[in-house]
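Q: I would like a close look at a single part of this model, worked through step by step and set against the rest of the chain.

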Amino acid sequence: PYVRKSACEALEQIGAKAATNDIIDKLLVLLKDRAIEIKCQACKALGHMGEKVANDNVIAALIAATTDENWSVSMNACDALAKISTKAGNHVVINTL
């Protein structure tokens with residue numbers, strides 16, 4: 001888990017410049033990791049990438065993460081949705097939340 005967490009932390013620091021399709025896909029996989037800290041860091045990384053990651057797949061994955069059994073994951077998913085707000089403010093997000 002340490003390597004995955006460190007990778008997410010690095011991507012969070014890089015922000016939007018790291019927002020390639022491959023990176024986004026890998027972060028979406030990490031949103032379903034067993035480890036809570038990995039899911040939290042994946043949310044944070046996506047949030048710091050901003051509008052560059054605001055697509056239907058990312059929004060749907062973050063919305064799903066808002067219902068995670070761990071409050072910390074849910075909170076980080078909500079925060080990430082707020083940070084990618086321009087596209088994330090669409091009707092799908094509003095109806096789900």
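In which helix does Gln41 lie, and what surrounds that helix?

A: Gln41 lies in helix H3, and since this is a predicted model, what follows describes computed geometry. With a relative accessibility of 7%, Gln41 falls under the 20% cut-off and therefore counts as buried. Its side chain is in polar contact with the side chain of Glu12, at 3.2 Å. If neighbours within four places in sequence are left aside, the residues in contact with Gln41 are Lys5, Cys8, Glu9 and Glu12.

Helix H3 also packs against helix H5, the two axes being 8 Å apart and set at an angle of about 10°. Because angles under 35 degrees count as roughly parallel, H3 and H5 are described as roughly parallel to each other. On the H3 side the contact is made by Ile36, Lys39, Cys40, Cys43, Lys44, Gly47 and His48, and on the H5 side by Ser72, Val73, Asn76, Ala77, Ala80 and Lys83. By residue type, this contact of H3 with H5 divides into six nonpolar, four polar and three charged residues. Helix H5 also holds Cys78, which at 37% relative accessibility counts as partly exposed. The C-alpha atoms of Cys78 and Gly47 are 9.3 Å apart in space, although the two residues are separated by 31 positions in sequence.

The largest nonpolar core of the model has 30 residues, and those with the most contacts inside it are Leu27, Leu31, Leu46, Val53, Val58 and Leu62. At least two residues of this core come from each of helices H1 (2-14), H2 (21-30), H3 (36-49), H4 (56-65) and H5 (71-83), with H3 giving the most, namely seven residues. For Val58, again leaving aside neighbours within four places in sequence, the residues in contact are Ile24, Leu28, Leu46, Val53 and Ile84. As a general background to such a core, nonpolar side chains tend to be buried together in soluble globular proteins.

Turning to the whole chain, the secondary structure comes to seven helices and zero strands, and, read along the sequence, the pattern is α-α-α-α-α-α-α. Of the 97 residues of the protein, 46% count as buried. Among contacts between residues at least 6 apart in sequence, 65% join residues at least 24 apart.

Key
Residues numbered from 1 in each chain as written. Predicted model: local features only at pLDDT ≥ 70, side-chain atom pairs only at ≥ 80, totals over all residues. Heavy atoms only, no water. Core = buried A, V, L, I, M, F, W, Y, C linked by side-chain atoms within 4.5 Å. Buried < 20%, exposed > 50% of the residue type's maximum accessible area, 1.4 Å probe, protein only. Helix = DSSP H or I, 4+ residues; strand = E, 2+ residues; numbered from the N terminus. Contact = heavy atoms within 4.5 Å. Axes fitted to C-alpha atoms, helices over the stretch in contact; angles between N-to-C directions. Parallel < 35°, antiparallel > 145°, perpendicular 65-115°, else oblique. Nonpolar A, V, L, I, M, F, W, Y, C, P; charged D, E, K, R; others polar. Polar contact = N/O pair within 3.5 Å; in protein donor to acceptor, adjacent residues only side chain to side chain.
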